[in-house]
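Open the model in your viewer and keep the selection box handy. We will go from stop to stop, picking a few residues each time and looking at what surrounds them.

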Amino acid sequence: MKLSVPGRVTATAVVATVSLLAGGSIAGAAPAGQPAVAAAPDIPVANVKAHLTQLQSIATANGGNRAHGRAGYKASLDYVKAKLDAAGFTTAVQQFTSSGRTGYNLIADWPGADTDQVIMSGSHLDSVTAGAGINDNGSGSAAVLETALAVSRAGYQPTKHLRFAWWGAEELGMVGSRSYVNSLSTASRSRISGYLNFDMIGSPNPGYFVYDDDPAIEKTFKAYYAGLGVPTEIETEGDGRSDHAPFKNAGVPVGGLFSGADYVKTAAQAAKWGGTSGLAFDRCYHASCDTTANINDTALDRNSDAVAYAVWELSR
């Protein structure tokens, strides 16, 4: 996540409960005479963590970071792209320039469905130069990647077209995502029914924050967490500070999840979520200690499952 100006159960029962809350029907159930639609799969947190381990190894081998214009960023992009290509996605690398260095976005489309209605999910893949950026934002990048791979494993055939993206140079001011949005024609922008953003979703002292930008997307995420019995709050710390901002400014409905950065967890938040009050949600935000040790597995697991749930629900 870009620095602020001041410093900036898996289980069928859960899915059914959430679906009732979200839309009045059970996920996977279909009206008489219509084929059943599969529920969103559980995203194995071990798979997500395996991607994080790879991103850590890439950073370690490339000066300790995965920042824009550095070898670690391009190696990270190549890792994600190879996984998607092998899974049957149509991938494209978009190039841009920022601060005198070449940057890259990776766009992956799941073939088929209605391309006049696109559900897009994204995360920034770059770190700051200070460290490996495993929570910020390996966590979002790995969850989006594993959700895309789950689409392939399931052979999912949604009504709406699915597109996934990994952005470059977010830490310099959402440069990559803005470049992408600016490259789209008015007609292409209008085809994006929703953009879902995932930036920092495994914070070690986590909160559970939901973007309140688009009511339908917000309702989807809140319903999922209500099914788990986990309370949420509206996300304010990162408002306008991540890659949803260029989409929102272009009139695209946006939403997303966040587990907190350098804001301090209050006593009330600790009472409902656990963790430690008086400490930042992520004490290693933009620091060298943002490594694979800087991840809360429960938050990463819940949020990764929520990514998949929203992708499935919103693309039906």
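## First stop: glutamine 94

Select glutamine 94 and serine 183: their side chains are joined by a polar contact of 3.2 Å. Please keep in mind throughout that this is a predicted model. Now add asparagine 105, whose side chain makes a polar contact of 2.7 Å with the side chain of glutamine 94.

Colour by secondary structure, and you will find glutamine 94 in strand E1, which covers residues 90-98. Is glutamine 94 buried or exposed? Its relative accessibility is 18%, so it counts as buried, the cut-off for that label being under 20%.

To see the surroundings, show the residues in contact with glutamine 94 beyond four places in sequence: Gly103, Tyr104, Asn105, Gly176, Ser179, Tyr180 and Ser183. Glycine 176 is a good one to label, as it is 82 residues away from glutamine 94 in sequence, while the two C-alpha atoms are 8.7 Å apart.

## Zoom out

Before the next stop, take in the whole protein. The fold has ten helices and eight strands. Of its 316 residues, 54% are buried. If you switch on a surface, the accessible area is about 11,800 Å², and carbon and sulfur atoms account for 52% of that.

## Second stop: histidine 161

Next, select histidine 161, which sits in strand E4 (residues 160-167). With a relative accessibility of 5%, histidine 161 counts as buried. Which side chain makes a polar contact of 2.6 Å with histidine 161? Show aspartate 109, and you have the partner.

Tryptophan 110 is worth displaying as well: 51 residues separate it from histidine 161 along the chain, and the C-alpha to C-alpha distance is 7.0 Å. Leaving out residues up to four places away in sequence, histidine 161 touches Asp109, Trp110, Gly112, Ala113, Asp114, Thr115, Gln117, Val118 and Ile119.

## Third stop: two positive phi values

One residue in that list, Ala113, deserves a look at its backbone. Most residues other than glycine have a negative phi, and most peptide bonds are trans. Alanine 113 has a positive phi, near 70°. You will find alanine 113 in the loop between strand E2 (101-110) and strand E3 (114-124), and at 40% relative accessibility it counts as partly exposed.

For another case, jump to methionine 174, where phi is positive at about 55° although the residue is not a glycine. This residue belongs to the loop between E4 and helix H5 (175-183). Methionine 174 is buried, with a relative accessible area of 5%.

## Fourth stop: the helices H2, H3 and H4

Two packed helices are described by the angle between their axes and the distance between the axes. Start with helix H2 (residues 45-61) and H3, whose axes are 9 Å apart and at an angle of about 150°. The two helices are therefore roughly antiparallel, and H2 passes H3 in a right-handed crossing. Show sticks for His51, Gln54, Leu55 and Ile58 on the H2 side, and for Gly72, Ala75, Ser76, Tyr79 and Lys83 on the H3 side, to see where they meet.

Now keep H3 (residues 71-86) and bring in helix H4 (residues 134-154): here the packing angle is about 10° and the axes are 10 Å apart. That makes H3 and H4 roughly parallel. The crossing of H3 past H4 is left-handed. In this contact, H3 contributes Tyr79, Val80, Lys83 and Leu84, while H4 contributes Leu145, Ala148 and Leu149.

## Last stop: asparagine 135 and a cis peptide

Stay with helix H4 and select asparagine 135, which lies in it. Asparagine 135 has a relative accessible area of 0%, so it is buried. What does its side chain reach for a polar contact of 2.9 Å? The partner is the side chain of aspartate 282. Beyond four places in sequence, asparagine 135 touches Met200, Ile201, Gly202, Ser203, Pro204, Asp282, Asp290, Asn294 and Ile295.

Finally, check the omega angle between aspartate 136 and asparagine 137: the value is about 5°, a cis peptide bond. Asparagine 137 also lies in helix H4.

Notes
Residues numbered from 1 in each chain as written. Predicted model: local features only at pLDDT ≥ 70, side-chain atom pairs only at ≥ 80, totals over all residues. Heavy atoms only, no water. Helix = DSSP H or I, 4+ residues; strand = E, 2+ residues; numbered from the N terminus. Buried < 20%, exposed > 50% of the residue type's maximum accessible area, 1.4 Å probe, protein only. Contact = heavy atoms within 4.5 Å. Polar contact = N/O pair within 3.5 Å; in protein donor to acceptor, adjacent residues only side chain to side chain. Areas by Shrake-Rupley, 256 points an atom, 1.4 Å probe, with all protein chains shown as cover. Axes fitted to C-alpha atoms, helices over the stretch in contact; angles between N-to-C directions. Parallel < 35°, antiparallel > 145°, perpendicular 65-115°, else oblique. Left-handed = near helix turned anticlockwise from the far one by under 90°.
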